[in-house]
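Let's take a walk through this fold, strand by strand and helix by helix. Keep the viewer open as you read.

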Amino acid sequence: MISVVIPAAQAVRDLAGLLPALVPAVVSGLVREAILVDPAPDGAMLAICEDSGAGLAPDLAAALERARGELILALPPARIRASLASTE
């Protein structure tokens with residue numbers, strides 16, 4: 001199973017498209033968890049974590065330590081935005 005680590009600081013809008021895209025992978029057992037990285041989460045980020053079940057870490061090192069998957073997929077912010085833009 002894969003732990004997906006997503007740098008999410010100032011990316012609340014992007015997460016609205018990304019997190020639902022992970023649901024089929026979670027249901028199929030491919031993805032174990034998503035961990036959002038944000039050093040200063042605001043109320044919107046906390047709500048996204050609560051609503052989606054995603055974990056939250058203050059930095060990449062903490063996210064990697066928290067990850068429980070056999071593999072870790074770290075998505076760079078630019079790649080996330082490019083992928084979301086291509087689906088719109």
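Let's start in the middle of things, bearing in mind that this is a predicted model. Strand S2, residues 31-37, runs parallel to S3, and three bridges join the two. One spot to click on is Val37, which stands opposite Ala57 in S3. On its other pairing, S2 runs parallel to S1, with six bridges between them. Here you can look for Ile2, whose bridge partner in S2 is Val31.

Now zoom out to the whole sheet. It is open, has four strands paired in parallel, and reads S3-S2-S1-S4 across. The edges are S3 (55-57) and S4 (71-74), each of which pairs on one side only. From one strand to the next, the twist averages 25°.

How does that sheet fit into the chain as a whole? The protein chain has four helices and four strands, and going along the sequence you meet them as β-α-β-α-β-α-β-α. Contacts across the sequence matter for the picture too: if you take contacts with a separation of 6 or more, residues 24 or more positions apart account for 65% of them.

Next, the helices against the sheet. Helix H1, residues 12-27, packs on the sheet and touches strands S1 (2-7) and S2. The direction of H1 makes about 160° with that of S2. Helix H2 (residues 43-52) lies across S2 and S3, and runs at about 140° to S3.

What fills the space where these elements meet? As a rule, nonpolar side chains in soluble globular proteins tend to be buried together. In this model, the largest nonpolar core has 17 residues. If you want its best-connected members, select Val4, Ile6, Leu15, Leu19, Leu22 and Leu36, which have the most contacts inside it. S1, H1, S2 and H2 each supply at least two residues of this core, and H1 gives the most, with five. There is also a second, separate core of six residues, with Ile35, Val37, Ala63 and Ala67 among them. You have already met Val37 as the residue opposite Ala57.

Is S2 enclosed or open to the outside? Six of its seven residues are buried, so S2 is largely enclosed by the rest of the structure. For the protein chain overall, 36% of the 88 residues count as buried. The chain exposes about 5300 Å², and carbon and sulfur atoms supply 60% of that area.

One polar contact deserves a stop. Side chains of opposite charge can pair when their charged atoms come close. Which residue forms a salt bridge with Glu33? That would be Arg68, with the closest N and O atoms 3.3 Å apart. The two partners come from distant parts of the chain, 35 residues apart: Arg68 is in the loop between helix H3 (60-66) and S4, while Glu33 is in strand S2. Their surroundings contrast as well. Arg68 has a relative accessible area of 51%, so it counts as exposed, whereas Glu33, at 10%, counts as buried. With a nitrogen-oxygen cut-off of 4 Å, the count comes to one salt bridge.

Key. Residues are numbered from 1 along each chain as its sequence is written. This is a predicted model: local features need pLDDT of at least 70, side-chain atom pairs count only at pLDDT 80 or more; totals for chains, interfaces and linings use all residues. Side-chain values use heavy atoms; hydrogens and water are left out. Two strands pair if DSSP finds at least two bridges between them. Axes are lines fitted to C-alpha atoms, for helices over the stretch in contact, and angles run from 0 to 180 degrees between N-to-C directions. Contact means heavy atoms within 4.5 Å. A nonpolar core is a set of buried Ala, Val, Leu, Ile, Met, Phe, Trp, Tyr and Cys residues joined through side-chain atoms within 4.5 Å. Buried means under 20% relative accessible area, exposed over 50%, partly exposed in between (1.4 Å probe, protein chains only). A salt bridge is a side-chain nitrogen of Lys or Arg within 4 Å of a carboxyl oxygen of Asp or Glu. Accessible areas come from the Shrake-Rupley method with a 1.4 Å probe; for residues, only the protein chains shown count as cover.
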